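Colleague: I am new to this structure. Before I ask how its labels were reached, please put it up.

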Amino acid sequence: MRHTTPSCVYCGERPGVTRDHVPPKGLFPKPRPSNLVTVECCEKCRRTQTLDDEYFIRMVTMRHDVGDHPAVGKVLQSVYRSFIKPEKCKFNQALISSIHHKDIHTPAGLYLGAAPAYDVDLDRLTNVIRRTTLGMFAKIVGHRLPNNYQCMVYSVDGFSSAGDEAQGDLCKLASQALTGETQEWGNKVFMSWFQKVEGLPFATLWAHLVYSRVAFIAMTLPASNVGDLQSNDRLKPMI
């Protein structure tokens, strides 16, 4: 009996001849958790995702607010080693040129002074979370997201300077997502909350949290509904 190769869970166009880890395994120090999710993908999708994974890990581990997570110090060792590689010269130059000073406040509004900050490409971060959501969706549902659906991702940090209404909308989505099923990998290195949306067969709502600090909201929706969502002016910071 001939076994057919499943399609790539990301593009759906080519056979899934290799496997991809979601979330990216580089977020975890060794020994890595045994419950990491792997999904079928094609070689082309896997190659194009590698650089975004590296970028995501660097940008997240260098944040000032994740240093108290026990996994970050171990991962940072490999991140810093990568900076001395000749092929990373352009990345290092871009990072250095983006460094500036930013005022730091406590949650209560107390000014703590200025600290170095760097620019982040939210598109590249949300690309990784979108792929992670698509992989987890396929693992839970048993097949890839249908072509007439899309996966939308919000970076919570992207709303830090948005208006009160936009932040309120995001808080409502986050509160709803956090009532879903919870899964954790690697002592809170990565946590996800998932639930299905009633009335639409493949509509889902997700919350993802990296190193207990870096938050994202994701959802899968019919492509016909995405335009209405994007036209909501309060949700413009969506990536």
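**Burial, cysteines and cores**

Modeller: C151 is buried, because its relative accessible area of 8% is below the limit: buried means under 20% relative accessible area, exposed over 50%, partly exposed in between, with a 1.4 Å probe and protein chains only. This is a predicted model, in which local features need pLDDT of at least 70, side-chain atom pairs count only at pLDDT 80 or more, and totals for chains, interfaces and linings use all residues. Residues are numbered from 1 along each chain as its sequence is written, and side-chain values use heavy atoms, with hydrogens and water left out.

Colleague: Why is C45 called buried?

Modeller: Its relative accessible area is 10%, so C45 counts as buried. Of the 239 residues of the protein, 44% count as buried.

Colleague: What makes K25 partly exposed?

Modeller: K25 has 40% relative accessibility, so it falls in the range between buried and exposed. K25 sits in the loop between β1 (18-22) and β2 (37-41); strands are DSSP runs of E with at least two residues, helices are runs of H or I with at least four, and both are numbered from the N terminus. Leaving aside residues up to four places away in sequence, K25 touches R32 and L36, where contact means heavy atoms within 4.5 Å.

Colleague: Why is there no bond between the sulfurs of C45 and C42?

Modeller: A disulfide is a pair of cysteine sulfur atoms within 2.5 Å. The closest cysteine sulfur to that of C45 is in C42, at 3.5 Å, so the two are too far apart for a bond. A search of the whole structure finds zero disulfides.

Colleague: What makes a group of residues a nonpolar core?

Modeller: The members are buried Ala, Val, Leu, Ile, Met, Phe, Trp, Tyr and Cys residues, joined through side-chain atoms within 4.5 Å. The largest such core has 48 residues, and F56 is one of those with the most contacts inside it. The largest share of this core, seven residues, comes from α4 (122-141). F56 touches L27, L125, V128, I129, V210 and F216, not counting residues up to four places away in sequence. Apart from this core lies another, of 13 residues, with W193, I217, M219 and L221 among them.

Colleague: How many helices and strands does the protein have?

Modeller: There are six helices and nine strands. Residues 24 or more positions apart account for 58% of the protein's contacts with a separation of 6 or more.
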